[in-house]
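The following exercises concern the packing of helices on a sheet and the covalent link between two cysteines. Please examine the sequence and the structure before working through each solution.

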Amino acid sequence: RAIPQPRWCGAATARSGGELPAPGQCPTDGPWKSLDGPWKQKAFEDLRARALDPMRIDQGPRNFCGPAAFLHVLATVDPGSYLRVGQGVLCDGKLPHADVKAKKTFLETIGVTTGIFDERVDFDTGLAAADWVPEAVLRQSLNTWAPPTKRWTGSQLTLPRHMEKWFAEILPTVEVTRYVGVWRLTGWLLGGRAPKVSSWAQGVIAKVQEGRAVAALLIGTLHTARKGLVPRHWVTLVAAEDGDCFIHSYGRYIKAPCTALQRATWVAYVATPPAPPSGCRALCGHVEKLAHKASQDFPSTRGSGPVQGGW
């Protein structure tokens, strides 16, 4: 029998390539030592492909699930802003609110290590430049001790207060609500007091199910035998239907029971743009393919797994 699409798919605005600008060009060589010529052109083409289908956004082997989740939200709710951010970091090493090229961490300043602009993009990183460059720049913009290079894995991690800062500075026109797990401590790590995930059905799932919002979630493990006692991974909640939630992680969508996702969530940032997130054609196609899979199926095929990787 035919697999029904989520209710919100039919009403969503389909995204077409004509709505997005063509791959850009940089007026100068830019700050990336290994990213020029065909490599840079491919990065622009890959950025546009991700704006058309945000599922392609990937953290690869790095602990960049925080930046990847934020960029996935950005590409879903405002693909034009996603492309502008991508062009800014590729051409100039700049975010809308910060010149990251001019920023050095403490270990860079004293000469202990080199920074992200010296890494060999697409060679050392194990990740496409269209993903690695904006993810590394987002982390570098907030790091003070060490750069988020291959050597300094701890500097690749994202805390909730970092996610909140990116939303405030890069998506200021989008309403963002934070929810904190009801049994979790709400101190420095989680960014203070916030509504509880106990209001999940009203505050998070309902908006996502109606296609009015997407959410970045800091979760533990989704396996039902465990309780997600340690926050370890950022994912994006993109769809919900009949008790099933669809999350984005490691460049793909995964289906999980909403009850398991609620139990595993430490912090949720729900982004509600003024208009419904555009470009659902690709997302609905992916969700339709997942709809027939068993709800308990949590695939794990790369590294430590899409729901157990570093955060």
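**Exercise 1.** Which strands does H6 lie across, and at about what angle does H6 run to E8?

*Solution.* The model is a predicted one. In this model, H6 lies across E3, E4, E5 and E8. Relative to E8, the helix H6 runs at about 5°. A second helix, H2, lies across E4 (214–219), E5 (233–241), E6 (244–249), E7 and E8. The direction of H2 is at about 35° to E5.

**Exercise 2.** Determine the strand order of the sheet and identify the strands at its edges.

*Solution.* Begin with the order: the open sheet has six strands, arranged E3-E8-E4-E5-E6-E7, with antiparallel pairing. Next, consider the edges: strand E3 (175–180) and strand E7 (252–257) each have a single partner strand, so one side of each is left without a neighbour in the sheet. From one strand to the next, the twist averages 30°. Finally, examine the pairing of E3 with E8 (residues 265–272): the two run antiparallel and are joined by six bridges. Valine 176 is placed opposite alanine 271 of E8.

**Exercise 3.** Characterise the packing of H2 against H6 by axis distance, crossing angle, handedness and contact residues.

*Solution.* Two packed helices are described by the angle between their axes and the distance between the axes.

1. The axes of H2 (residues 65–77) and H6 (residues 160–170) come within 10 Å and cross at roughly 30°.
2. Angles under 35 degrees count as roughly parallel; H2 and H6 are therefore roughly parallel to each other.
3. The crossing of H2 and H6 is right-handed.
4. H2 contributes Gly66, Pro67, Ala69, Phe70, Val73 and Leu74 to the contact, while H6 contributes Met163, Trp166, Phe167 and Ile170.
5. Sorted by class, this contact of H2 with H6 comprises nine nonpolar residues, one polar residue and no charged residues.

**Exercise 4.** How many disulfides does the structure hold, and what is the handedness of the disulfide of cysteine 245 and cysteine 258?

*Solution.* A disulfide is a covalent bond between the sulfur atoms of two cysteines. The structure holds one disulfide. Cysteine 245 is joined to cysteine 258, with an S to S distance of 2.1 Å. The torsion about the S-S bond of this pair is about 105°, so the disulfide is right-handed. The pair links distant parts of the chain, with cysteine 245 in strand E6 and cysteine 258 in helix H8 (residues 258–264), 13 residues apart.

Key. Residues numbered from 1 in each chain as written. Predicted model: local features only at pLDDT ≥ 70, side-chain atom pairs only at ≥ 80, totals over all residues. Heavy atoms only, no water. Axes fitted to C-alpha atoms, helices over the stretch in contact; angles between N-to-C directions. Helix = DSSP H or I, 4+ residues; strand = E, 2+ residues; numbered from the N terminus. Parallel < 35°, antiparallel > 145°, perpendicular 65-115°, else oblique. Left-handed = near helix turned anticlockwise from the far one by under 90°. Contact = heavy atoms within 4.5 Å. Nonpolar A, V, L, I, M, F, W, Y, C, P; charged D, E, K, R; others polar. Pairing = 2+ DSSP bridges. Disulfide = S-S within 2.5 Å.
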